[in-house]
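I opened the notebook today to follow a few charged side chains and one greasy spot. Here is what I looked up, in the order I looked.

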Amino acid sequence: MNWLAQHLAAASDALRRLASAPLNTLLSLLVIGIALALPAAGWLTIDNLRIAVGDAAKAQQISLFLKAGAGANDVAVIEKRLREMNIGQFRFVSRDEALKSLQNREGLADLTAGLPRNPLPDAFVVDAEDTRPEALEAAAKTFAEWPKVEHVQLDSAWVRRFDAFVRIARLAVGLIAGVFAAGLIAVTFNTIRLQILAHAAEIEVARLIGAADDFIRRPFQYYGALQGALGGLLAVAMVAVGGGLLAGPAGELATLYGGSFALRGFSAGEIAALAGGGALLGWIGAEISVAIHLRRIG
């Protein structure tokens, strides 16, 4: 109970110090909030892009175009092989069906009407269950070796490029987050140093009457942790406001491409992680500042 009472007293003292200088506290929270909001917004943006592109990546199809001389028996053989592979759903698109679909597209009816004959081949369209780029490429290579298959179409290169972009973007955001974390520690270090200088006489008296270093450190540690946690919550609010402003234009852009998309915000766990990360960085900055001061006064 004594240990708990000491921690409660230290937390109360930290809150009192934060409230005693509202302008300085607000400015410090703004600096911390911006430092946490920038990498957090970057990470959330990358996650939203990954979700937006995820459905398109999962819809990867493999098209098998048959040779002009392929007959009904050849179609049956390929259909049997696809069923035996158990690769996923597939459907047969006859050349007449493909031409009819082309004629129904806007602006192509007149063009197809002038064709002397149907130039389109019979085809199979495969919706693979395993949408990994390497799995799709292996399946496409297998299909290309089958008889009566003229061409296999698979555009998985953009999926690989997007995955590479996401990895690079996450690495860049991680590096930026590390730089801002170091800056946050420096800001907290300076803030706590000013607090220590303002209470230097109290610290000296506490040392004279036998106060332990942990007792002296505790209020400043709570001060740094509370300041970091509040800055993290402020960062969440900043990102939420920005996301709200972008939600409408993002939805309109998705509608223009024939889809629907809603920006994802922070989950409860991510909010807690951001506030906890800010508290941890604030605690580290306070611990370094207090440790240096106590070492100086012996």
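Entry 1, one helical turn. I started with Arg16 and Asp13, which sit three residues apart in helix H1, so about one helical turn separates them. Bear in mind that I am reading a predicted model here. The two form a salt bridge, and I noted 2.3 Å between their closest N and O atoms. I then asked myself how accessible each partner is. Arg16 comes out as partly exposed, with a relative accessible area of 49%. Asp13 counts as buried, because its relative accessibility is 15% and the cut-off for buried is under 20%.

Entry 2, a third member. I checked what else joins this pair, and found Asp13, Arg16 and Arg17 linked in a network of salt bridges. Is Arg17 buried or exposed? Arg17 is buried, at 7% relative accessible area. It belongs to helix H1 as well. Next I wanted to know which residues Arg17 touches once its neighbours within four places in sequence are set aside. My list for Arg17 reads Gln195, His199, Pro219, Phe220 and Tyr223.

Entry 3, the other bridges. How many salt bridges does the structure hold? I wrote down seven. A friendly reminder to myself: side chains of opposite charge can pair when their charged atoms come close. One of the bridges joins Arg217 to Glu287, with the closest N and O atoms 3.3 Å apart. Arg217 lies in helix H9 (residues 213–256) and Glu287 in helix H10 (residues 268–296), so this pair ties together parts that are 70 residues apart in sequence. I also looked up the cover on Arg217, which counts as buried at 16% relative accessibility.

Entry 4, Arg264 and Glu270. These two form a salt bridge as well, and their closest N and O atoms are 3.2 Å apart. I found Arg264 to be partly exposed, with a relative accessible area of 24%. Glu270 is also partly exposed, at 27% relative accessibility.

Entry 5, the greasy spot. I finished with the nonpolar surface. Which residues form the patch there? They are Met1, Trp3, Leu4 and Leu8, and together they offer about 540 Å² of accessible area. I picked out Leu8 for a closer look and placed it in helix H1, which covers residues 2–20. Leu8 is exposed, because its relative accessible area is 53% and exposed means over 50%. I jotted down helix H1 as the home of both Leu8 and the buried Arg17, and closed the notebook there.

Definitions and conventions. Residues are numbered from 1 along each chain as its sequence is written. This is a predicted model: local features need pLDDT of at least 70, side-chain atom pairs count only at pLDDT 80 or more; totals for chains, interfaces and linings use all residues. Side-chain values use heavy atoms; hydrogens and water are left out. Patches are made of residues with over 30% relative accessible area and no salt bridge: like charges are joined within 9 Å, nonpolar side chains (Val, Leu, Ile, Met, Phe, Trp, Tyr) within 5 Å. Accessible areas come from the Shrake-Rupley method with a 1.4 Å probe; for residues, only the protein chains shown count as cover. A salt bridge is a side-chain nitrogen of Lys or Arg within 4 Å of a carboxyl oxygen of Asp or Glu. Helices (H or I, at least four residues) and strands (E, at least two) are DSSP runs, numbered from the N terminus. Buried means under 20% relative accessible area, exposed over 50%, partly exposed in between (1.4 Å probe, protein chains only). Contact means heavy atoms within 4.5 Å.
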